[in-house]
Every structure is written in C-alpha cells, then in structure tokens.
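Visitor: I would like to go through this model with you, one question at a time, beginning with how its strands are arranged.

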Protein chains: 2
Amino acid sequence: MSELRRDPITGRWNITVTDAALGPDAYEVEAPAERGGKCPFCYGSEGLTPVEIFALRPPGSASNGPGWTLRVIPNKFPALRIEGDMARRGIGLYDQCSGIGAHEVIVETPDHARQLADLSTEEVTQVLSAYRLRSLDLRGDTRLRYTLIFKNHGLSAGATLEHTHSQLIALPIVPKRVREELKGAGAYYDFRERCVFCDMLNQELQDEERVVAENRSFVALCPFVSSAPFELWILPKGHQGDFAKSTDEELGDCARMLRDVLGRLRGTLRNPPYNFIVHTAPIEPREREEYHWHLEVMPKLTRTAGFEWGTGFYINSTPPELAAKALREAQVAA
Amino acid sequence: MSELRRDPITGRWNITVTDAALGPDAYEVEAPAERGGKCPFCYGSEGLTPVEIFALRPPGSASNGPGWTLRVIPNKFPALRIEGDMARRGIGLYDQCSGIGAHEVIVETPDHARQLADLSTEEVTQVLSAYRLRSLDLRGDTRLRYTLIFKNHGLSAGATLEHTHSQLIALPIVPKRVREELKGAGAYYDFRERCVFCDMLNQELQDEERVVAENRSFVALCPFVSSAPFELWILPKGHQGDFAKSTDEELGDCARMLRDVLGRLRGTLRNPPYNFIVHTAPIEPREREEYHWHLEVMPKLTRTAGFEWGTGFYINSTPPELAAKALREAQVAA
C-alpha cells in the first residue's frame, strides 16, 4: 500500500510506498566512469582554468600556481555571466532577460583521490567558509537576487569532472523552488507566528523516527515528504534564515554533521551519486523572519519518468522512516 | 551567452544557452537494454498480468487470452489503488491521506518489435481512444480529481518493460504542475479574457520559428521555455480544456500528428528515450474556460543535477528555435 503525504513547507504532495518498501540494497549504484586526460583541478593544471577568484594558499605562494588547499574559480562553461546589462524585454507574449549572473567552482581539495566525505572536519569547514565568503562578496552586485550553492557527486548526479568540487550560481531572480518555500513558510508564519522549520525540527526531535544524527547546533533528518529514497536534510537548530550569517563555530558544527552524513550515505548505499544544495534566504534588504536555511542532500538512486514530469509529484519507494533507521545505524569512522 | 526566459503559463524561468548551443548530434543516446524472460505484454502472457479492464478483440475471442489488438490492464505494481477509504489525517504538523487512485497500463499493440512510432494512424487513434475511454470511465469515482496519461519510452526515461505501452494514473488531488498551469492560465484569462494557450498558438503560427508541424486540427511546436533539449508540445488548434471531450475526428488528427512527431524525433535523435504526458483539465463539475489541453513530449537526453533540484530552474543547451528547425527538416516516412 502507499500513502499520500503533504509537505508542510511547500504544500507539495508525494506518494510514499509503505508496503513493499525498498531498503538500501535494492538500488543499483553505478561504477564511476574512467576518464582520460589531465584533470584541470589538480596541482599544475591551474593554467587550464580561468583565473582564480579566491584561494587558500601558504603566505608567499603565487596565484594560479600549485600550493593551495582550496581554490575558487569561474566556471569555464558558465550558465550565466557577470558581464553585460540586465535587460528585460517582451517578445509578444513572452518575457526574456539577459543571462546575467555568476557561476563559480569551489575546488575543495587539491587531492584528486579524495571525496568530500574523506576530508577532515577542518577541511570541510574551509569549504563551508568559502561558500560563505563568496555568498557575501556577490551581494555587492545589486542585480543579483539569489545565490545557490550546490554539489554534484558522481556521473549520474551530473558531475562532469571527478575531482571533488562544488558550485555556486548567483541569479538575477529568486528561483521557483525557493519562492515556494518562502511562500509556504510565510503563510505558516502569518498564521502561527512561528517558523515552520523550527516547528518541524521540534516535532522530529521528539519523534526521533526520522532523525539520523544530531550535534550541538545541527540536526540531520529524512523529511516526512522525501521526494526520493534517502533524501536527507541538515538544519541548524537555531533559527536563522541566512546561511552566510553563520558563525565560525556554527560552520564547524555544520562541517562535522556534513562529514558524518556523507559517511553514512557512502556506507549505507555503496558510494551513491548525490546532489546537495544549500537553501538560504534571497539577497534583499529585509530580514526573512519566516525562513530557516538548510542543506538538502539527494542521493541519485532512481530515474524520474513521465509521471513525475507531468505532475511534479514524486513516488518514493523508501519511506523516510526506513531510510533514517538505516542511516542512523550505519557505522561511521570518526 | 545565455538568456533567461519566462514561461507565460506558469511564470517559471529557465536558462536558454544561445551561443555554444548543442545540436542533435551532441547527445549520447543509450543502447536499449537486453532483457531476458517472458514479456507479460505479448500474446500468450495474458495470465501474467492482472485481469484486463478493456481490450479491443475480434468478436468471440475470450477475455485475457490472445487475439486482442490493444489491452488495458491494472498496473501489477500500482502506485495507488482504487480500494479503500479516502481518509485524510494530520500527524502533528504533517498531512497524510491514503493512497487511493487508479494505475492502469495501456498495451498499445501485441507486437513486441514495434514502437508507438511504428504503428499505423488507425492503431495510434485506437490508443488515443483508449485514453479517452478510460478517462471518461474513471470520472464515475467521485474521490478522484485528476487523470494523468503518460508514456515512458526507453530505459533512461523510466520504462521498465520494453514492449510499447502507456500508463494512466488517477489521483485524489490535482497535482502541482497542473495547478501551476491552471493558476497561470486563470490569471491570464482574468486579465485578458483570452486563453493563454490560444494566444501562444497564434503567435507561434505567425512566427513559424518554433513550429515543427501542423495539420487540420493540431500544431506541434518547441515551446519558448523548453526545460530540456527538443521538448515538443502538441496542441489542438481549437480551444478545448478537456482531452476526453475530443471527437473521433480530432483523435484521428492527433494520432497523425503524434506519429509524425515521434518519427521526426527518432530520425533526428537516433531513437531517443522519451516521456510524454497529456495535460488536461481536472475532474470537476465546472468547465475550465481558461485551460487548453495539450500533449508534452520530453526526450531524455540530459541529466538533471543539483542546480535544477535546488531552483526548479532548467538549463537548456539547445534553444527551441534550433530544435524546431532540426525537427522540421527531418525526413519522415508517410
């Protein structure tokens, strides 16, 4: 049997299969593709990428040469570019706007052989600090309305280069999925004068059934409406709409949680391809009292087909209660 | 360079890459997977499926045996079931509802070796007539609010069986993507007292740039905001919200157009995996003056990744103008 579940944030429904549910061993995970050629993210390849925007380097080492521990560069094939005018125009019925924005790559380590889950807590903290630094810097450009940080790991999750990296795209509009969360969280806040994410966290911590891990400032859980098997969210316990306002201490706790969770996913699902994204408040002068930033991790274990496309409705064959249990019980290296 | 484009129906934006655009040869198309075992949709396997709901058979041939030319059966692994009570309940913050609905399979031909694009116009008309028949029949169940007809062709488009078939899922709610179209079309109708789809059709037929084919009652075009390369819509020229109200003559013209378009896609993209869906008005007593049914075909040539997931925003590397030109110029067998 299955049940329909409605997301309290966006109002989106899904179908959760509760009998004949699929456990972690039911999913086939692809072997990583072998690639030839020189990796542009390794030491000595700095000349193959656009000029670096930011790097962590020992004092005295030269820009765009080896020695760095983390490097931020413009995407060589950007979806959007920072240069140009922000022109909007109509074409009969249609609206069009020039492709203004930023598209950056965060190379998380010079070591080609390590995944993000292999990095130390200090190294992961540096990655999160680079996200914060770049997010804050891009706010200077008043044409931009939103910064999305995301990571694609594995070929079928859309990673076109194997060397571990994440990306940042800054957009001149607030994207639809964020607007949906803002709208739902806003309606809840108007009605209850509380944050829907905080209420969800409280309920989940009391139930425990969908909680995967918890530390001083963060909780990892499988959401009640999981669009795909083993979807997992990391949320700060403290109410905060803007990721970039996180303190150093919070980023350290978030890094510890992210490392822990990626280790659990790797152990439970045999190094699955995955995406993660950071959902944070838009770039705007007002404070978003109703919003609560979070990081969503989505293992890529299934294919979406016509039904999902036609409805925006997902069928999930692994109830989040089962996924959370498997991830909670996974052995994780310290 | 790229540009942002806004969909006039849903308000959704996308990124369309206009320089460095990718033509039809840029996409790798997977080889079909070899499968073992007896196909449950071939003659002689009728006992492997649930009991048939409807079949086209010669007079005197027995149900659930060979001889049929088209067969409708319940899905053996249904996402939703027709039996049970329609109970909605709250779980703290969350909403849940039992998985009531229908999930049927339309086996389009007994011939395992033929694709939908290989069927005659008469045979495709029979498939569309079966969609109409089942849609009308399910309206008797007052718990249901929406019927989605869809097809998955090819492994990476989610087809788990090779034998050509389509599916129908009837839902107790109106799904999000349809609600978005209804909302956008409703706002446009309130403002202009015209149908946004009709206006779009008029503009497209005048421009010609994105039109792929046209016959007496249908137009095929690549939409201005195409979420993926070679996305293609088939729309009736006459204003009609409800697919199931199509006349026999209209279904014949639609079948001719669908066959034509699937042939063009196969020729241009070397038998790509694809999904198609029929978007029609919800099941409700009122007439949806503002809505206009259509069939969306989505070749599955790319993978979605973190950015698409995080934003609901698609990056399309083949502008619809280029896709329409390639499809318009494709050779099609009569």
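Visitor: In what order do the 5 strands of the open sheet stand?
Guide: This is a predicted model, and in it the open sheet has mixed pairing and draws strands from chain A and from chain B. Strand 15 (315-316) of chain A and strand 5 (88-91) of chain B stand at the edges, each with a single partner strand, so one side of each is left without a neighbour in the sheet. Read across, the order is 15(A)-2(A)-1(A)-6(B)-5(B).

Visitor: Which residue of chain B stands opposite A:Leu4?
Guide: Strand 1 (residues 2-6) of chain A runs antiparallel to strand 6 (residues 94-98) of chain B, and 4 bridges join them. Likewise, 4 bridges join strand 6 (residues 94-98) of chain A to strand 1 of chain B, also antiparallel, and there A:Cys97 stands opposite B:Leu4. For A:Leu4, the residue opposite, in strand 6 of chain B, is B:Cys97.

Visitor: What relation do the two chains have, given the rotation and shift that superpose chain B on chain A?
Guide: Two copies of a chain are related by a rotation about an axis and a shift along it. Here a rotation of 180 degrees with 0.0 Å of shift along its axis superposes chain B on chain A, with an RMSD of 0.0 Å. That is therefore the relation of a two-fold axis.

Visitor: How many of the residues on the side of chain B that touches chain A are nonpolar?
Guide: Across the interface, 52 residues of chain B are in contact with 53 residues of chain A. Elements that each supply at least two residues to that side of chain B include strand 8 (146-153), helix 2 (176-192) and helix 3 (196-207). Of the residues on this side, 16 are polar and 10 are charged, while the number of nonpolar ones is 26.

Visitor: Is strand 13 of chain A largely enclosed or open, and how many of its residues are buried?
Guide: Strand 13 of chain A pairs in the antiparallel sense with strand 8 (residues 146-153) of chain A over 5 bridges, and with strand 14 (residues 294-299) of chain A over 6 bridges, again in the antiparallel sense. A:Tyr274, A:Phe276 and A:Val278 point one way, A:Asn275, A:Ile277 and A:His279 the other way, and all are buried. The strand is largely enclosed by the rest of the structure, because the number of its residues that are buried is 6 of the 6.

Visitor: Which residue of strand 14 of chain A is the bridge partner of A:Phe276?
Guide: Strand 13 of chain A has bridges to strand 8 of chain A, where A:Phe150 is partnered with A:Ile277. In strand 14 of chain A, the bridge partner of A:Phe276 is A:Val297.

Definitions and conventions: Residues numbered from 1 in each chain as written. Chains lettered and ligands numbered in written order. Predicted model: local features only at pLDDT ≥ 70, side-chain atom pairs only at ≥ 80, totals over all residues. Pairing = 2+ DSSP bridges. Contact = placed C-beta atoms within 7 Å. Nonpolar A, V, L, I, M, F, W, Y, C, P; charged D, E, K, R; others polar. Least-squares fit on C-alpha atoms with pLDDT ≥ 70 in both. Buried ≥ 20, exposed ≤ 12 C-beta atoms within 10 Å, placed from the backbone.
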